[in-house]
Amino acid sequence: KAGKSTGRVGINVRLIDAETCEITFTKQIEAVINESNIGFGGVGFGSDLALGGFLSSYSKTPVGQAVIAGINEGVFELVKQIGARPPRGSIVKADATQIYLNLGQDVVSPGDRLSVQRMGEELIDPETGISLGGSMTHLGEIEVTQVQEKFSIARPVSLNGEPQRSDVVIGTKVAAPLEF
């Protein structure tokens, strides 16, 4: 047979914060594959045996290719969202000269600067019981001096007060954009 075929797939991609159940990112993706083709058909024999072999496999069809293209774009969009966010962690222990963070070698490097923030009172939705977050107070900046596999040590740069265990740290450097 000779003809033209189109594969069209719509995918809705969502990134959900597992701690708060909040949807932090959503994107509707549509993948369309148009194909002009010449094909050869046959009669099937037995339960799973058919003429055509790998040429008739799902991934070679326009719909199969559209599914693969849509999934690739969806995964890229998720990676872009995750990769575009600055590192975020918490203070494990702190004194006047050293601040221990729960960010290791895969997240920060010596010289990285982080903003220190203290979480205010947590707001809980009375109807659902879900945390709505709370206000954050900016305490200042710290700089990473040493990095271990699972933690790092920083020094104060400009702090208003002494940091405490569980204060939040957020990277100040903007992540490089990814390209599809």
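This is a walk through a predicted model of a protein chain, from its confidence scores to its core, its strands and its charged pairs.

Let us begin with how far the prediction can be trusted. The protein chain has an average pLDDT of 79, and 81% of its residues score at least 70. Keep an eye on residues 42-55, where pLDDT stays under 50. For that stretch the model has seven contacts beyond four places in sequence.

Now look inside. In soluble globular proteins, nonpolar side chains tend to be buried together. Here the largest nonpolar core is made of twelve residues, including Ile91, Ile99, Leu101, Val116, Leu139 and Val169. Which strands each supply at least two residues of this core? They are E4, E5 and E8, and E8 gives the most, with three residues.

Val116 is a good place to pause, as one of the residues of this core. Leaving aside neighbours within four places in sequence, Val116 is in contact with a list of residues that includes Ile91, Leu139, Ile142 and Val169. Those four also belong to the core. Other contacts of Val116 include Thr137, His138, Pro163 and Asp167, so keep Asp167 in mind, since this residue is buried, with a relative accessible area of 3%.

Next, follow strand E10, which covers residues 168-171. Val168 and Ile170 point one way from E10, while Val169 and Gly171 point the other way. Are these four residues buried or exposed? All of them are buried. Strand E10 also has partners. Strand E3 (residues 88-94) is joined to E10 by three bridges, and these two strands run antiparallel. Strand E5 is joined to E10 by four bridges, again in an antiparallel arrangement. You can find Val168 in both pairings: Ser90 stands opposite Val168, and Val168 is also the bridge partner of Gln117.

Just before E10 comes the loop between E9 and E10, where Ser166 lies. Phi of Ser166 is near 80°, a positive value in a residue other than glycine. Ser166 counts as exposed, because its relative accessibility is 53% and the cut-off for exposed is over 50%. Asp167, in the same loop, is buried.

Charged side chains come next, and the structure holds six salt bridges. One of them brings together Asp167 and Arg118, at 2.8 Å from N to O. Asp167 sits in the loop between E9 and E10 and Arg118 in strand E5, so this pair ties together parts that are 49 residues apart in sequence. Arg118 counts as partly exposed, at 24% relative accessibility.

Another salt bridge joins the side chains of Glu141 and Arg113, at 3.6 Å from N to O. Glu141 belongs to strand E8 and Arg113 to strand E5, so the parts tied together here are 28 residues apart in sequence. Both ends are partly exposed: Glu141 has a relative accessible area of 23%, and Arg113 comes to 35%.

Glu143, also in strand E8, forms a salt bridge with Arg155, at 2.9 Å from N to O. This pair links distant parts of the chain, with Glu143 in E8 and Arg155 in strand E9, twelve residues apart. Why does Glu143 count as buried? Its relative accessibility is 17%, and buried means under 20%. Arg155 is partly exposed, with a relative accessible area of 35%. Salt bridges that share partners join Arg113, Glu141, Glu143 and Arg155 into one network. Beyond neighbours within four places in sequence, Glu143 is in contact with Gly111, Asp112, Arg113, Ile153, Ala154, Arg155 and Val157. One of these contacts, Ala154, is part of the largest nonpolar core.

Finally, turn to the aromatic rings. The count comes to one aromatic pair. Tyr100 and Phe151 form this pair, which is tilted, with 6.3 Å from centre to centre and 35° between the planes. Where do the two residues lie? Tyr100 is in strand E4 (residues 99-101), and Phe151 is in the loop between E8 and E9, 51 residues apart. Tyr100 is partly exposed, at 22% relative accessibility, and Phe151 is partly exposed too, at 34%.

Definitions and conventions. Residues numbered from 1 in each chain as written. Heavy atoms only, no water. Phe/Tyr/Trp six-rings, centres within 6.5 Å; stacked < 30°, edge-to-face > 60°. Buried < 20%, exposed > 50% of the residue type's maximum accessible area, 1.4 Å probe, protein only. Core = buried A, V, L, I, M, F, W, Y, C linked by side-chain atoms within 4.5 Å. Contact = heavy atoms within 4.5 Å. Salt bridge = Lys/Arg side-chain N within 4 Å of Asp/Glu carboxyl O. pLDDT = per-residue confidence, 0-100. Pairing = 2+ DSSP bridges.
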